[in-house]
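Open the model in your viewer and set it to cartoon. We will take a short walk, one selection at a time.

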Amino acid sequence: MGRKKPGKPRRERTAAEYTLQQLQPPGYDRWMTPAPDLDPERAAADPGLSAQALGLMRRLVRLRPVYGPKIPVQAVWLDVALDGGALRLRRTDGSVGNLPAGELAAMLGGTAEAVDVRGTVHELHANGMLLVEPDGEDDTVLRVVVGKPAKPGDPWLFGGDIASDLVPKACIPGDPRTLGADRFAALAYLRSHLAEGTVGTAEEYATFEGVGSVERAQELFDAVADLVDVRGCPACPTAHLCTRDPETQPV
């Protein structure tokens with residue numbers, strides 16, 4: 001018998017390599033898989049198709065490029081909530097407040113007309129930086145994630161959780177009005193990986209909507225390289241969804 005060849009060491013997967021479904025967010029147990037050839041406009045010719053069903057089809061087609069072939073029902077709830085121009089956000093003290101879409105757009109360095117607020121919020125959701133609370137169909141409430149699981153089975157941590165104090169927060173040391181929305185988004189991506197103990201790559205970032213190529217992703221990374229390791233706390237900039245209790249922060 002020949003000697004058994006040693007196998008190659010298994011490469012550990014990072015959190016960014018797992019899909020949202022694989023990381024099992026709490027309450028995310030309903031996933032929709034629209035057919036690849038789903039065409040709402042062609043289906044609209046069917047007189048038996050209700051307006052509600054047609055609207056759902058159009059949402060799924062719009063959401064598929066962001067979430068992939070399997071879309072959580074929470075993404076549809078979130079999309080409906082965005083129709084109203086405002087979001088509801090769970091604060092660290094447990095209370096819920098409204099977050100107007102225009103205010104979120106201003107945080108990203110533009111106006112509600114100039115910034116794709118809907119696309120930005122869905123990107124955050126698809127990447128596990130924001131989650132929708134369970135049973136949120138009638139009252140969609142978002143929670144900021146401060147600890148994304150490194151692998152399936154690990155817990156999700158949110159602002160206000162006792163354990164969240166042990167998790168590094170992804171502050172963004174920059175002003176989107178001076179950086180520009182594209183550089184600010186790239187910095188947020190790199191800082192989020194830094195907080196999770198992982199490394200963002202130009203290859204992965206190139207797949208994000210609006211980036212387009214590895215060369216463009218690397219160009220954006222180079223433009224914000226001097227800010228990636230900057231300490232953003234305790235004086236957090238306001239240009240991000242802060243997970244801390246503002247009453248405990250210095251003024």
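Select Val-73, Gln-74, Ala-75, Val-76, Trp-77, Leu-78, Asp-79, Ala-81 and Leu-82: these residues of helix 3 are buried. The model is predicted, so keep that in mind as you click. Helix 3 is mostly covered, with 9 of its 11 residues buried.

Step just past the end of helix 3. Gly-85 sits there with a positive phi of about 85 degrees.

Now add helix 2, residues 51–67, and keep helix 3, residues 73–83, on screen. How do the two axes cross? They come within 10 Å and cross at roughly 110 degrees. Roughly perpendicular covers angles of 65 to 115 degrees, and helix 2 and helix 3 are therefore roughly perpendicular to each other. Their crossing is right-handed.

Show side chains at this contact. From helix 2, pick Leu-56, Arg-59, Leu-60, Arg-62, Leu-63 and Tyr-67. From helix 3, pick Ala-75, Val-76, Leu-78, Asp-79, Val-80 and Asp-83. Colour them by type: 8 are nonpolar, 4 are charged and none is polar. Ala-75, Val-76, Leu-78 and Asp-79 of helix 3 also belong to the buried set you selected at the start.

Zoom out to the whole protein. Count 9 helices and 7 strands. Of the 251 residues, 41% are buried. Switch to a surface view: the protein exposes about 14600 Å², and carbon and sulfur atoms supply 54% of that area. Finally, turn on contacts. Among those with a separation of 6 or more, 55% join residues 24 or more positions apart.

Key. Residues numbered from 1 in each chain as written. Predicted model: local features only at pLDDT ≥ 70, side-chain atom pairs only at ≥ 80, totals over all residues. Heavy atoms only, no water. Helix = DSSP H or I, 4+ residues; strand = E, 2+ residues; numbered from the N terminus. Buried < 20%, exposed > 50% of the residue type's maximum accessible area, 1.4 Å probe, protein only. Contact = heavy atoms within 4.5 Å. Areas by Shrake-Rupley, 256 points an atom, 1.4 Å probe, with all protein chains shown as cover. Axes fitted to C-alpha atoms, helices over the stretch in contact; angles between N-to-C directions. Parallel < 35°, antiparallel > 145°, perpendicular 65-115°, else oblique. Left-handed = near helix turned anticlockwise from the far one by under 90°. Nonpolar A, V, L, I, M, F, W, Y, C, P; charged D, E, K, R; others polar.
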